Amino acid sequence: MALFPTYLRHEIHFVDGSGAVLVDELGNEYLDFASGIGVVNLGHRHPRIEQALITQAQGIWHTSNLFASPLQQEVAEILCKVSGMGATFFANSGAEANEAAIKFARRWAKTVKIIQEPEIITFKQSFHGRTLATLTATGQDKVKDGFSPLPKGFRILPYGDIQAVKQATGSTTAAVLLELVQGEGGVRPADPPFVQELAAWCKEKNLLLMIDEVQTGMGRTGNWFAYQAYGIQPDVITLAKGLGNGFPVGAMLAKAEWKDVLGPGTHGTTFGGGRLAMAVARAVLEELSRPSMMAEIQEKGTWLGQLLEKELNGLSEVRVIRGKGLMRGIELNMPAAPVVKSLLNQGLVTLVAGENVLRLLPPLVVTHGQIVRAVSLIKEAVQACGLPTSV
Ligand SMILES: Cc1ncc(COP(=O)(O)O)c(C=O)c1O
């Protein structure tokens, strides 16, 4: 009632939480292995982040981007420092961050490469958002259904196919946009040789290499950003989700040398980089900067991966287990939605990716005990859902 039925919602109403635990209105506890959809990376009600928002909320909230913002400047500087980038544009969501990247790439192509109708290469099964440009960039037909006419200027190629990229590169090609672990598309990590060859190709042909880190960034895969494990330096990255731990914020970062591509008046947003979002983002960044943070995430991520392999590999219902860090997917030979439902009944929150991939995105602060419990529940649920139903 009163809402568009755009989301198929579970009936559960969560009212509280702490770390990787959620509590519903009846007082039932759930282990959260979804984090929203990879958003609440530092856990529910993180004291430092909660306090940062409360403190900022007691001051002024908004003055627009027409006035100085030392706080926005500070957050941008931290992001540039940890990413090796030189210029930041703040938005409010992942789609908006990618929209900014697409606009940046087009303007870059027009001003630097003098291409009038620039084209951006993206990949099948990718997901880049729900605005018209980002859904066009997305390599899944289901998000485009009913929304034509779509913007021009995108070329979608098979994921991981470097020859296809080489063949498709022409005089109008400006940029390549990709996820290094496709999230919505089924938790599919890109092969390192493909990524390295792609980076070399972009360099050789003067194409922008743009990495969508909306889901993989902010520690999710065990590094600040997924690209750092591939030994490449992109020209552009996009962020959102974990940057605000639940407070809406997105960012597009580019190399310092391209700063002037988005000069005064070329792009903008009313709310992007607002004080509340920046106060939260700064607290998130400070927390992720703790010296042992990335090592802890890597250790837990590797352990989760190994435990899933040990307990689930070989089950007749399981096809393959994929992922990196605390971003894992279990491809089943049956639909994943009933498994998610069954797990909810057992007190574990998980996600579906594609049709038949069970996706796990626990908060990065998940404990070893919580991982053991989750894997054991998953094993039981997968086996129970795989049993032939009696007629
Ligand atoms: C890789 C990736 N890019 C972009 C988006 C879009 O982000 P948002 O929903 O904040 O617009 C998502 C959301 O799931 C995503 O996973």
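# Exercises on a predicted chain

The chain folds into 11 helices and 17 strands. The model is a predicted one.

**Exercise 1. Decide how the radius of gyration of the chain compares with the globule rule for 391 residues.**

Step 1. The radius of gyration is 21 Å.
Step 2. For 391 residues the globule rule also gives 21 Å, so the chain is as compact as a globular protein of that length.
Step 3. For the extents, take the C-alpha trace along its principal axes: the spans are about 65 × 55 × 45 Å.

**Exercise 2. Describe the burial, the contacts and the surface of the chain.**

Step 1. Of the 391 residues, 53% are buried, where the cut-off is under 20% relative accessible area.
Step 2. Take the contacts with a separation of 6 or more: 71% of them join residues 24 or more positions apart.
Step 3. The exposed area is about 18,000 Å², and 55% of it comes from carbon and sulfur atoms.
Step 4. For the charges, compare the mean position of the 36 positive ones with that of the 36 negative ones; the two points are 4 Å apart.

**Exercise 3. Classify the aromatic pair of F123 and F194, and state which parts of the chain the pair ties together.**

Step 1. A pair of aromatic rings is described by the distance of the centres and the angle of the planes.
Step 2. The chain has 7 aromatic pairs. In the pair of F123 and F194, the centres are 5.7 Å apart and the planes make an angle of 90°.
Step 3. Planes over 60 degrees apart count as edge-to-face, and the pair of F123 and F194 is edge-to-face.
Step 4. F123 belongs to strand β5 (residues 119-123) and F194 to helix α7 (residues 192-205), so the pair ties together parts that are 71 residues apart in sequence.
Step 5. Check the accessibility of both residues. F123 has a relative accessible area of 1% and is buried; F194, at 5%, is buried as well.
Step 6. Extend the pair to a cluster: ring pairs link F123, Y159 and F194.

**Exercise 4. Locate V143 and list its contacts beyond four places in sequence.**

Step 1. V143 sits in the loop between α5 (132-137) and β6 (154-157).
Step 2. Its relative accessible area is 2%, and V143 is therefore buried.
Step 3. Without the neighbours within four places in sequence, the contacts of V143 are F127, R130, L135 and T138.
Step 4. As a backbone distance, use G129, 14 residues away from V143 along the chain: the two C-alpha atoms are separated by 8.9 Å.
Step 5. The loop between α5 and β6 also holds P149. The peptide bond from S148 to P149 is cis, its omega being near 0°.

**Exercise 5. For S64 and M218, give phi, the loop and the degree of exposure.**

Step 1. S64 is not a glycine, yet its phi is positive, about 80°. M218, also a residue other than glycine, has a positive phi near 60°.
Step 2. S64 is placed in the loop between α2 (47-57) and α3 (70-83). For M218 the loop is that between β10 (208-212) and β11 (236-239).
Step 3. The relative accessible area of S64 is 24%, which makes S64 partly exposed. M218 has 2% and is buried.

Note on methods:
Residues are numbered from 1 along each chain as its sequence is written. This is a predicted model: local features need pLDDT of at least 70, side-chain atom pairs count only at pLDDT 80 or more; totals for chains, interfaces and linings use all residues. Side-chain values use heavy atoms; hydrogens and water are left out. Helices (H or I, at least four residues) and strands (E, at least two) are DSSP runs, numbered from the N terminus. The radius of gyration is taken over C-alpha atoms; the globule rule is 2.2 Å times the number of residues to the power 0.38. Buried means under 20% relative accessible area, exposed over 50%, partly exposed in between (1.4 Å probe, protein chains only). Contact means heavy atoms within 4.5 Å. Accessible areas come from the Shrake-Rupley method with a 1.4 Å probe; for residues, only the protein chains shown count as cover. Lys and Arg count as positive and Asp and Glu as negative; His and the chain ends are not counted. The place of a charge is taken as NZ of Lys, CZ of Arg, CG of Asp or CD of Glu. Rings of Phe, Tyr and Trp (its six-membered ring) pair if their centres lie within 6.5 Å; planes under 30 degrees apart count as stacked, over 60 as edge-to-face and the rest as tilted.
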